[in-house]
Each structure stands twice: as structure tokens, then as C-alpha cells.
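Subject: Handover of a structure

Hello,

I am handing this structure over to you. Please open it first, then read my notes below.

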Amino acid sequence: MATTATTQTSSGGVRVKVQQFGRMLSGMVMPNIGAFIAWGLITALFIPTGWLPNKDLAMLVDPMIKFLLPLLIGYTGGQMINGKRGGVIGAIATMGVIVGADIPMFLGAMIVGPLAGWVLRLFDRAVEGKIKAGFEMLVNNFSLGIIGGILTLGAYKGIGPLVQGLTNILSNGVEFLVNHNLLPLVNIIIEPAKVLFLNNAINHGILSPIAAEESARIGKSILFMLESNPGPGLGILLAYWLVGKGSAKSSAPGAVIIHFLGGIHEIYFPYILMNPRLILAVIGGGVSGTFTFQLLGAGLTSSPSPGSIFAYLAMTPKGGYGPMFAGVIVATVVSFLLAALLLKTSSKNNEDDVDLEEASAKMREMKAAGTAANPSAAATTANVITPNVTANVRNKADVNKIVFACDAGMGSSAMGASVLRKKLQNAGVNITVVNSAVSEIPADADIVVTQKTLTDRAIASNPNAEHISIDNFLKSPKYDELVERLK
């Protein structure tokens with residue numbers, strides 16, 4: 001028993017470390033997805049094979065992918081480590097890898113951005129409290145400039161060529177898989193990893209940088225579609241809708257809309273966690289979908305984020321809609337058939353509300369573990385009962401803004417804010433409801449709503465607001481209680 005417990009703890013610790021590393025990678029890309037989409041649209045429209053070929057406007061494509069996007073990533077990486085000063089030095093150092101290589105330096109920016117921010121943070125801590133009054137600005141500006149210049153030279157001579165060599169190796173590996181028709185096998189790894197909340201790390205941290213370089217060369221890349229294909233998840237939800245039982249069956253139709261149209265893939269993860277055998281269904285759907293994409297020559301011009309069918313439509317190049325739809329449909333059908341068979345033959349035919357809630361709770365614990373700085377602390381926090389409402393209870397007259405916060409500020413927080421906003425409007429309550437990342441909660445937030453596992457981080461981000469913890473962002477009784485209080 002002790003050996004088993006030790007093994008589980010060890011595997012959980014590894015998963016947490018991988019999640020933390022993946023979140024750091026995707027955290028540098030996701031805030032800048034809008035810029036990637038802008039570049040993808042300009043590419044799809046104005047390159048010679050685009051929808052509206054224009055030689056003059058197509059000149060924007062190359063500078064955006066070589067300079068704008070890596071600089072944004074480098075700035076964001078540095079900012080994650082050391083605030084705005086870290087962002088500035090991250091962008092400075094990123095110029096070194098950009099000039100030191102002939103390919104788009106996404107991977108290089110992911111390395112030097114956080115590294116530069118970390119080096120500057122070490123210096124800032126070393127001189128903290130030791131600078132004479134009146135010299136703070138002088139020291140801050142010159143330290144950033146001098147350290148930034150040194151790091152830029154090092155990035156130019158060392159990291160740039162190194163990352164270019166690494167990128168060439170990865171690209172050659174992908175090309176080998178494509179040439180030998182082995183690319184679909186990658187989904188055997190991708191699909192289980194997605195359920196462990198490594199989806200953003202895989203897509204934005206690993207695949208997108210390589211895919212963007214390929215897209216810049218040939219106008220599209222199938223790598224954008226490996227993780228983001230909505231077909232496998234759609235098949236799972238359709239199977240629950242048609243042959244499932246209990247709350248899983250009743251909640252599946254709404255989840256289909258959120259997943260397929262909204263692009264929030266995390267919505268179907270609990271359905272797999274409550275019946276882990278279904279991982280075989282999404283693997284089958286992912287492999288068959290990628291095989292179809294490869295067979296028909298499908299590809300996207302940029303990352304479809306979120307992974308919605310609308311994003312797929314926007315990022316599909318001219319003449320590519322047939323192969324794109326074929327891959328999504330095949331993935332959906334295969335995933336659906338396998339999931340329906342597994343659900344029908346499962347010995348666990350008594351799915352009920354408890355099953356789905358337990359799976360959702362397990363999903364939230366896994367997601368929270370990846371965001372914790374200390375795995376042991378995360379485990380401790382998961383076992384502590386977080387109060388539903390903090391002591392800073394606000395009266396109706398004191399509430400002007402309600403903020404729904406989640407880890408990234410894009411997925412569950414947007415859906416939760418939409419649900420709460422609609423309830424308030426139906427009750428005739430005119431209060432602003434917005435969503436944000438838990439680390440960027442506005443200072444003027446009066447009430448902050450978060451999932452239970454994120455409440456402690458939300459309180460640290462804005463201790464003056466009233467904080468409400470919920471379990472389910474789609475249907476929490478806390479919403480109705482809050483609406484009644486604010487009427």
C-alpha cells in the first residue's frame with residue numbers, strides 16, 4: 001500500500017511539474033493569440049495563393065511573423081517573471097535571437113524572454129534597499145539597458161543559432177512523420193495529454209511555433225490541426241447525448257454548443273474522466289481525423305484559438321474547406337461510434353449527478369495542481385474547505401462591477417460571466433459583469449466569482465473585493481443567491 005501511494009504521489013508530482021511547465025509556455029502565447037490571428041488572416045487574404053492576392057499588402061506577412069510575434073512572446077515571457085521591467089528586457093533580448101536566425105524565433109523568444117526577466121529580477125533583488133535616494137530611476141534604467149544589451153549579444157551569438165538548429169531538427173522530424181504517413185500516431189500522445197490539461201502547452205507551446213514557420217513557407221500547416229480538431233470531443237459529447245444517462249446525458253447538448261461553437265475543449269474532459277475508457281474513443285477520433293487531414297492535404301494558415309469550428313473556417317486557406325470539413329467529420333464519427341460502444345458495454349451503467357460532479361471536481365483539482373507553485377501546497381489546498389463567501393460582503397449599493405475569474409481569463413470565466421450576466425439582466429439588476437484571468441483581476445472589482453480551487457489566488461490578487469467560490473461555472477446555486485441579494 002505504501003509503495004502504491006508513493007508511486008501515485010510521484011506520478012502526480014511529475015504531472016504537476018509538466019502542467020506548470022506547459023502553462024508557462026502557453027502563457028507566453030495565449031495573451032498574444034489575437035496577433036497570431038491577425039497575421040493568419042492577412043496571410044490567408046493577401047499572399048499570392050490567398051483569397052484577395054495583393055503584392056503590396058502581402059509585404060506585411062514576413063515582418064509580422066519574424067519581428068512582431070516573437071517580440072510579443074518575448075515581452076510576455078519577461079513580464080510573467082518580472083513585471084513590466086521584465087517584459088521590456090525580454091523584448092530586448094528577443095531581438096538577439098531574431099537577428100541571429102533565419103527563421104521565425106518563437107521558440108527562441110520563449111527561452112530568452114523569461115530568462116532575461118529572471119536575470120533582471122536577480123539583479124533587482126540584489127540591489128533592493130541599497131540604492132541611495134534619488135538614484136532609483138538612474139539605476140533602474142541603466143541596469144535594464146546594460147543587462148539587456150549583454151543578453152541581446154549572448155542571444156544573437158549563442159541562443160539564436162542553437163534554437164534554429166533545434167527547430168530544424170523538430171521540423172525534420174515532423175517532415176519525416178509526414179513523408180512516412182506516421183503523423184496521425186502523434187494523436188496517441190496528444191489526446192490523453194489534453195485531458196491532463198496539457199492542451200494549451202501542446203498546441204501553443206510546441207506545435208504552433210513549428211506550424212507557424214511551416215505556414216510562412218508554404219501558406220498552411222497541418223500541425224495547427226493536430227490538437228485543436230474539435231471532432232474527437234464532439235463525438236464524445238454526442239455519444240453521451242444519445243446513449244448516456246443521468247446528468248451527463250442532460251448536460252451534453254449544452255456542452256456540445258460550448259465545445260464545438262465556442263471552442264472550449266475543457267468542457268468535455270469531465271465526461272472522459274467519469275469513464276476513462278473513453279480515452280480510446282478520442283484517440284481513435286484524433287488519429288482518424290489527422291489521417292484524413294494528411295490524406296487530403298488539409299492545413300490552416302494560423303492557430304485556430306479557441307478550437308471552434310468558426311476559428312477553423314477563418315483560418316482555412318482558399319480551396320481547403322473540403323479537406324478541413326472531412327477531417328473534422330471523420331474524427332467526430334469515429335469518436336462517436338467508439339464512445340457509444342464503450343458507453344453501451346460499460347459495466348458502470350448508473351451514471352448520475354454524483355458521477356459528473358465527481359469528475360468535474362477531479363478535473364478542477366488537476367487544473368489547479370498545474371497552476372500551483374508548490375505541488376505539496378496544492379495538495380493541501382485541495383483538501384481545505386474554502387468558504388463560499390469571504391468576509392468582505394458587499395451591499396447592493398456598493399456593487400458596480402462583478403468579475404468572473406479563471407486561470408487564463410478566456411474559457412470558463414467567459415461562460416460563467418455570460419450565465420451570471422443573463423441572470424442579472426432577467427432580474428432587472430444593472431451591474432457590470434466581466435471576465436478576467438485570476439492574476440489580473442481589476443482593482444475596481446467589487447465581487448469576484450471563481451471556482452473553489454482558484455479562490456485563494458483570487459483573494460491574493462484582489463483582497464479588498466468580496467470573493468464567492470463556486471463548484472460548477474455553468475449551474476451554481478451561488479448565482480441565484482447573489483442575484484437575490486442584489487435585487
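Is Phe142 buried or exposed? Phe142 is exposed, because its relative accessible area is 53% and the cut-off for exposed is over 50%. Keep in mind throughout that this is a predicted model.

**The overall picture**

The protein has 487 residues, and 52% of them count as buried. Its secondary structure comes to 17 helices and four strands. The accessible surface is about 21900 Å². Carbon and sulfur atoms hold 65% of that surface. Now the contacts. Take those between residues at least 6 apart in sequence: 73% of them join residues at least 24 apart.

**Back to Phe142**

Phe142 sits in helix α5, which covers residues 136–179. It belongs to a nonpolar surface patch of about 540 Å². The other members of the patch are Phe135, Leu138, Ile146 and Ile150.

**What the record says**

The UniProt entry is unreviewed. It carries the annotation "transmembrane region" for residues 33–51, 57–76, 88–117, 137–156, 222–243, 255–273, 278–300 and 320–343. Such annotations may be inferred rather than shown by experiment. Phe142 falls within the annotated span 137–156.

I looked at two of these spans in the model. Residues 320–343 are 96% helix and 0% strand. Their end C-alpha atoms lie 35 Å apart. Residues 255–273 are 63% helix, again with 0% strand. Here the end C-alpha atoms are 15 Å apart.

Phe269 is part of the span 255–273. It is found in helix α9, residues 269–273. Phe269 is buried, because its relative accessible area is 0%. Ile279 is ten residues away along the chain, and the two C-alpha atoms are separated by 9.7 Å.

**Helix α12**

Helix α12 runs over residues 321–345 and has 25 residues. From its first C-alpha to its last it reaches 36 Å. That is close to the 36 Å expected at 1.5 Å a residue.

Which residues of α12 are buried? They are Pro323, Met324, Gly327, Val328, Ala331, Thr332, Ser335, Ala339, Ala340, Leu342 and Leu343.

Take Ser335 as a case. It lies in α12. Ser335 counts as buried because its relative accessibility is 0%, and the cut-off for buried is under 20%. What does Ser335 touch, leaving out residues up to four places away in sequence? The list is Gly231, Pro232, Gly235, Ile236, Ala281, Val282 and Gly285. The C-alpha atoms of Ser335 and Leu237 are separated by 9.5 Å. Along the chain, those two are 98 residues apart.

**Salt bridges**

Side chains of opposite charge can pair when their charged atoms come close. The count here is six salt bridges. I describe some of them below.

Start with Lys66 and Asp62. Their side chains meet in a salt bridge at 3.6 Å, N to O. Both residues lie in helix α3, residues 61–99. They are four residues apart, about one turn of the helix. Lys66 is partly exposed, with a relative accessible area of 29%. Asp62 is partly exposed too, at 41%.

Next come Lys423 and Asp480. They form a salt bridge, with the closest N and O atoms 3.2 Å apart. This pair links distant parts of the chain, 57 residues apart. Lys423 is in helix α15, residues 412–426. Asp480 is in helix α17, residues 477–486. Lys423 is partly exposed at 28% relative accessibility. Asp480 is partly exposed, with a relative accessible area of 42%.

Last, Glu466 and Arg485. Their salt bridge has its closest N and O atoms 2.6 Å apart. Why does this pair tie together parts that are 19 residues apart in sequence? Glu466 lies in strand β4, residues 466–470, and Arg485 lies in helix α17, so the pair joins these two elements. Glu466 is buried, with a relative accessible area of 0%. Arg485 counts as partly exposed, at 31% relative accessibility.

That is the handover.

Best wishes

Definitions and conventions. Residues are numbered from 1 along each chain as its sequence is written. This is a predicted model: local features need pLDDT of at least 70, side-chain atom pairs count only at pLDDT 80 or more; totals for chains, interfaces and linings use all residues. Side-chain values use heavy atoms; hydrogens and water are left out. The expected span of a helix is 1.5 Å times one less than its number of residues. Buried means under 20% relative accessible area, exposed over 50%, partly exposed in between (1.4 Å probe, protein chains only). Patches are made of residues with over 30% relative accessible area and no salt bridge: like charges are joined within 9 Å, nonpolar side chains (Val, Leu, Ile, Met, Phe, Trp, Tyr) within 5 Å. Accessible areas come from the Shrake-Rupley method with a 1.4 Å probe; for residues, only the protein chains shown count as cover. A salt bridge is a side-chain nitrogen of Lys or Arg within 4 Å of a carboxyl oxygen of Asp or Glu. Contact means heavy atoms within 4.5 Å.
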